[in-house]
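Colleague: I have a model open and want to learn how to read its features. Can you take me through them one by one?

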Amino acid sequence: MINWFVDFKKELKEVGQEVKIGIDNVMESGRFVMGPKVAEFEKAFANYVGVKYAVGVGNGTDAISIALQALDLSKGSGVLTTPLTATYTGLAINMAGLTPVFSDIGLDLNLNHKFFKLPKILKSSDQIKAVLPVHLYGNPCEISAVGDFCVNNGAYLVEDCAQAHGANYQGKIVGTFGDLGCFSFYPTKNLGAYGDGGAIVTNDEDIYFKLRMIREGGQSEKYRHDILGVNSRLDEIQAAVLLVKLKFLDKWTARRKEIAKYYLDNLAGVGDIRFPKVNSVSEPVYHLFVILTSRRDELAKLLSEKEIKTGVHYPIPLHLQKCFSYLGYKKGDFPEAERASCEVLSIPMHPYLTDIEIEEVVWNIKGFWK
Ligand SMILES: Cc1ncc(COP(=O)(O)O)c(C=O)c1O
């Protein structure tokens with residue numbers, strides 16, 4: 001069986017010994033929450049991303065929600081994002097008491113900065129108080145254009161980097177372009193914990209202190225709750241795991257890039273396969289390797305019969321999710337995202353795939369069109 005996401009058994013062979021030592025140390029220390037491992041990881045991760053501060057939280061959804069809460073926007077303010085993302089992106093906006101506003105995607109399957117077409121329910125972009133672009137599949141969006149929109153419209157820029165640890169745009173790592181960057185360490189992510197985890201990065205000291213307060217119940221000091229916070233902390237065991245795995249991240253990313261190159265070279269021109277556009281100034285980290293084809297479901301079925309597991313990210317765009325029906329969108333509002341949701345297929349991508357396995361994937365996909 002060739003899986004589309006990381007092979008944990010192989011990963012454990014590489015990192016298991018060191019991770020177990022890290023976990024043992026935590027168990028012996030008796031500090032399980034908000035201790036030295038979290039502090040050490042926050043420092044190491046901030047350093048990796050190239051920012052002053054990182055704040056560990058419970059998961060990527062909380063990272064986005066807490067980042068938005070730290071901006072003190074008035075209740076119900078609009079946050080512009082893409083309809084083609086993990087539903088958690090939209091849920092996080094909602095959790096922060098804000099209103100998701102969707103706009104259609106472009107050829108890179110990211111928020112289409114060229115026209116930021118706003119839905120009819122919004123009269124103008126004045127109602128957008130923050131923009132939340134998603135570096136989907138690890139492919140940086142046109143972040144400088146998104147940044148320009150934010151500057152011109154007085155909106156905050158918060159990046160959803162849940163799938164894009166270490167991806168860069170014009171040589172700068174994503175998560176550092178706006179006010180805040182949000183990461184998920186869900187186990188299958190490029191940098192994944194052995195449980196849930198997330199982090200928010202920023203260069204702004206005031207925002208940093210606010211984030212720290214919000215994640216711990218809004219406390220300014222022990223038992224003094226000054227603002228309405230939440231309870232969302234990265235725990236010591238996950239921080240210990242992440243500290244070990246962070247050291248392998250660049251090596252794993254390099255292998256992901258090699259595999260992506262092989263797929264791009266060998267699947268171009270096969271059937272009606274297309275790839276999400278990669279900006280010439282971007283270096284994606286290929287969290288997922290996604291192809292688009294009008295025969296997506298047939299191809300997925302054939303690959304599954306050949307023991308090659310694929311995924312669909314994502315089959316239902318957010319504006320058509322039942323949970324967002326209160327926003328009043330309907331089918332046809334974002335035709336590009338709707339079409340992509342019927343055509344995207346994530347084929348196997350993780351650092352432990354062997355050359356033989358990726359050749360087998362390509363061989364079977366080519367066979368489908370013969
Ligand atoms: C783009 C995106 N945003 C947000 C999230 C939420 O992260 P988490 O699952 O850690 O809450 C995910 C992960 O599922 C994601 O892929």
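Colleague: How many cavities of 30 Å³ or more does the structure hold?

Modeller: First, a caution: this is a predicted model. Now the general idea. Rolling a probe the size of a water molecule over the atoms shows where empty space is left. In this case, the structure holds two cavities of 30 Å³ or more.

Colleague: What volume has the largest cavity?

Modeller: About 60 Å³.

Colleague: Which residues line the largest cavity?

Modeller: Val6, Glu11, Pro187, Lys189, Asn190, Gly192, Lys245, Trp252, Arg256 and Pro351 do. Sort them by class and you get four nonpolar, two polar and four charged residues.

Colleague: Which domains does the lining of the largest cavity draw from?

Modeller: Domain 1 (8-102 + 111-246) and domain 2 (249-368) each supply at least three residues.

Colleague: And the second largest cavity: what is its volume, about?

Modeller: About 40 Å³. Its lining consists of Trp4, Phe5, Val6, Thr188, Arg256, His287, Leu288 and Met349. By class, five are nonpolar, two polar and one charged. Val6 and Arg256 appear in both linings.

Colleague: Now the open space. What volume has the largest pocket?

Modeller: About 480 Å³. The lining takes in 23 residues, and Ala86, Tyr88, Ser184, Tyr186 and Lys189 lie nearest the centre of the pocket. Two elements give two or more residues each: helix H3 (60-69) and helix H4 (87-95). H3 gives the most, with three.

Colleague: What classes make up the lining of the largest pocket?

Modeller: Ten and ten, in words: 10 nonpolar and 10 polar residues, plus three charged.

Colleague: Where does the largest pocket lie relative to domain 1 and domain 2?

Modeller: Look at who contributes to the lining. Domain 1 (8-102 + 111-246) and domain 2 (249-368) both give residues, so the pocket lies between them.

Colleague: Next, helices. What span should the 19 residues of H8 have, and how far apart are the end C-alpha atoms?

Modeller: Use the rise of 1.5 Å a residue. For helix H8 (residues 249-267), that predicts a span of 27 Å. The end C-alpha atoms are 26 Å apart, which agrees.

Colleague: Which residues of H8 are buried?

Modeller: Buried means under 20% relative accessible area. In H8 the buried residues are Leu249, Trp252, Thr253, Arg255, Arg256, Ile259, Ala260, Tyr263 and Leu267. They cover an arc of only 160 degrees around the axis, which puts them on the same side of H8. Lys251, Glu258, Lys261 and Asp265 are exposed on the other side. Two of the buried names should be familiar: Trp252 and Arg256 also line the largest cavity.

Colleague: Take single residues now. Is Val241 buried or exposed?

Modeller: Val241 is buried, because its relative accessible area is 0%. The residue sits in helix H7 (residues 236-246). Sequence distance and spatial distance are separate readings. Val241 and Leu191 are 50 residues apart in sequence, and their C-alpha atoms are 10.0 Å apart in space.

Colleague: Is Pro36 buried or exposed?

Modeller: The cut-off for exposed is over 50%. Pro36 has 52% relative accessibility, so Pro36 counts as exposed. Pro36 belongs to helix H2 (residues 36-49). Try the distance reading here too: Pro36 and Cys141 are 105 residues apart along the chain, with 35 Å between their C-alpha atoms.

Colleague: Last topic, the backbone. Which residue other than glycine has a positive phi of about 55 degrees?

Modeller: Start with the background. Most residues other than glycine have a negative phi, and most peptide bonds are trans. Here Asp72 has the positive phi of about 55 degrees. Asp72 lies in the loop between H3 and strand E2 (78-81). At 59% relative accessibility, Asp72 counts as exposed.

Colleague: What is phi of Glu307 near?

Modeller: Near 65 degrees, again positive in a residue other than glycine. Glu307 is in the loop between H9 and H10. With 45% relative accessibility, Glu307 counts as partly exposed.

Colleague: Which residues does a cis peptide bond join?

Modeller: His313 and Tyr314, with omega about 20 degrees. Tyr314 is in the loop between helix H9 (296-305) and helix H10 (335-343).

Terms used
Residues are numbered from 1 along each chain as its sequence is written. This is a predicted model: local features need pLDDT of at least 70, side-chain atom pairs count only at pLDDT 80 or more; totals for chains, interfaces and linings use all residues. Side-chain values use heavy atoms; hydrogens and water are left out. On a 1 Å grid over the protein atoms alone, a cavity is a set of points where a 1.4 Å probe fits but cannot get out, and a pocket is an open set with protein on both sides within 12 Å along at least five of seven lines; lining residues have an atom within 4 Å of a point. Grid points are joined across faces, edges and corners, and a volume is the space filled by probe spheres set on the points. Ala, Val, Leu, Ile, Met, Phe, Trp, Tyr, Cys and Pro count as nonpolar, Asp, Glu, Lys and Arg as charged, and the others, Gly among them, as polar. Domain bounds come from an automatic or database domain assignment. Helices (H or I, at least four residues) and strands (E, at least two) are DSSP runs, numbered from the N terminus. The expected span of a helix is 1.5 Å times one less than its number of residues. Buried means under 20% relative accessible area, exposed over 50%, partly exposed in between (1.4 Å probe, protein chains only). The arc is that of the directions from the helix axis to the C-beta atoms.
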